[in-house]
Amino acid sequence: MSNFAEISDSRLLLSHIFIAVMKYALVTGGSRGIGRAICLKLASDGYPVIVNYKSNAEEASRTVNMIREKGGEAEALQFDVKNAAEVEACLTDWENRHPDDYVSVLVNNAGIRHDNVMFMMSDDEWHSVIDTTLDGFFYVTRFLLRHMMPRRRQGRIINVASLSGLKGLPGQANYSAAKAALIGATKALAQEVAARDVTVNAVAPGFIDTDMTRDLNHDELKELVPMKRFGTADEVAALVSFLAGDSAAYITGEVISINGGLYT
């Protein structure tokens, strides 16, 4: 009987430990636009959300408050995704403060645009766009994979690519190059980590109504879209939510377009 009691006590202890572990979602560039919509949606799905931001503390705080007002859990975390030292220091500090928790969903959303025709494009316009998307993906994903793979054996990585990375758009050689490379990295990484039950997918939005597209000619561009409208950030967030969930457990290495039929 004593052995049975010891086994029962051990199982009870393990169940308590399992319950205590919280699976977080980290969204880079989560303070505004598509990133904010993704944060709100994942919070509504039940994830505690880490809202990463680079400099706009006010908007990051607003996103956190929006989540908390709806009963969710969120915290803001400031670091520049393209700065390896910042990524390492901030995520290490977060892990030290959350020893029993881990990030099970990573959304690599951080990205910027500096549109220009190539012969007039500056070095900074090229490198800032490339580095934010690709270095950000590399540094953050590499850090979190250390725990998704050997210790937890489960995770979801969703990369926010773009129509530009599939089709290429004039005036966006830098942005198109960054997003196309992100798509290639998505397909390669998916094969590396699939055996550990980590899925890696990308979503490729077309024209989405956000701060990033406010400077575009909406009336002219809507005529190019078969659905005759821009998409919404909430529609992108719904797709990310699906890929982060259990229903998408057998989907990996895919790039899913969300563009109103503009490019298929």
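Q: How do the residues that line the largest pocket divide by class?
A: In this predicted model, the lining of the largest pocket divides into 20 nonpolar, 18 polar and nine charged residues. Of the residues nearest the pocket's centre, Arg113 falls in the charged class because Arg is counted there, whereas Gly111 falls in the polar class because Gly is counted among the polar residues.

Q: What is the volume of the largest pocket, and which elements give two or more residues to its lining?
A: The volume is about 1,100 Å³, and the lining is made by 47 residues, with Gly111, Ile112, Arg113, Tyr175 and Met212 lying nearest the centre. The elements that give two or more residues to this lining are H2, strand S2 (49–53), H5, helix H6 (163–167) and H7.

Q: Why is H2 called oblique to H9?
A: Helix H2 (residues 33–44) and helix H9 (residues 233–244) pack at an angle of about 50°, and their axes are 8 Å apart. Roughly parallel would require an angle under 35 degrees and roughly perpendicular one of 65 to 115, so the value fits neither range and H2 is oblique to H9. The crossing in which H2 passes H9 is right-handed.

Q: Which residues of H2 and H9 meet?
A: From H2 come Gly33, Ile34, Ala37, Ile38, Lys41 and Leu42, and they meet Ala233, Asp234, Val236, Ala237, Val240, Ser241 and Ala244 of H9. By class, this contact has nine nonpolar, two polar and two charged residues; Lys41 and Asp234 count as charged because Lys and Asp belong to that class.

Q: What makes H2 roughly parallel to H3?
A: H2 and helix H3 (residues 57–69) pack at an angle of about 25°, with their axes 10 Å apart. Because roughly parallel covers angles under 35 degrees, H2 is roughly parallel to H3. The two helices cross in a right-handed sense, and their contact joins Arg36, Cys39, Leu40 and Ala43 of H2 to Glu59, Arg62, Thr63, Met66 and Ile67 of H3. These contact residues divide into five nonpolar, one polar and three charged.

Q: How many cavities of 30 Å³ or more does a search of the whole structure find?
A: The search finds two. The largest has a volume of about 60 Å³, while about 30 Å³ of space lies in the second largest. Each is called a cavity, not a pocket, because a 1.4 Å probe fits inside but cannot get out.

Q: What makes up the lining of the largest cavity?
A: Thr28, Val81, Asn108, Asn109, Ala110, Thr132, Thr133, Gly136, Phe137, Val160, Lys179 and Leu182 line the largest cavity. Helix H5 (123–152) and helix H7 (173–193) each supply at least two of these residues, and the largest share, four residues, comes from H5. The lining has five nonpolar, six polar and one charged residues, and Lys179 is charged because Lys is placed in that class.

Q: How are the lining residues of the second largest cavity known to be three charged ones beside four nonpolar ones?
A: Ala84, Val87, Glu88, Tyr139, Arg142, Phe143 and Arg146 line the second largest cavity. Glu and Arg count as charged, so Glu88, Arg142 and Arg146 go to the charged class, whereas Ala84, Val87, Tyr139 and Phe143 are nonpolar; the lining thus divides into four nonpolar, no polar and three charged residues. Helix H4 (84–97) and H5 each supply at least two residues of this lining, the largest share, four residues, coming from H5.

Terms used. Residues are numbered from 1 along each chain as its sequence is written. This is a predicted model: local features need pLDDT of at least 70, side-chain atom pairs count only at pLDDT 80 or more; totals for chains, interfaces and linings use all residues. Side-chain values use heavy atoms; hydrogens and water are left out. Axes are lines fitted to C-alpha atoms, for helices over the stretch in contact, and angles run from 0 to 180 degrees between N-to-C directions. Angles under 35 degrees count as roughly parallel, over 145 as roughly antiparallel, 65 to 115 as roughly perpendicular and the rest as oblique. A crossing is left-handed if the near helix is turned anticlockwise from the far one by less than a right angle, and right-handed if clockwise. Contact means heavy atoms within 4.5 Å. On a 1 Å grid over the protein atoms alone, a cavity is a set of points where a 1.4 Å probe fits but cannot get out, and a pocket is an open set with protein on both sides within 12 Å along at least five of seven lines; lining residues have an atom within 4 Å of a point. Grid points are joined across faces, edges and corners, and a volume is the space filled by probe spheres set on the points.
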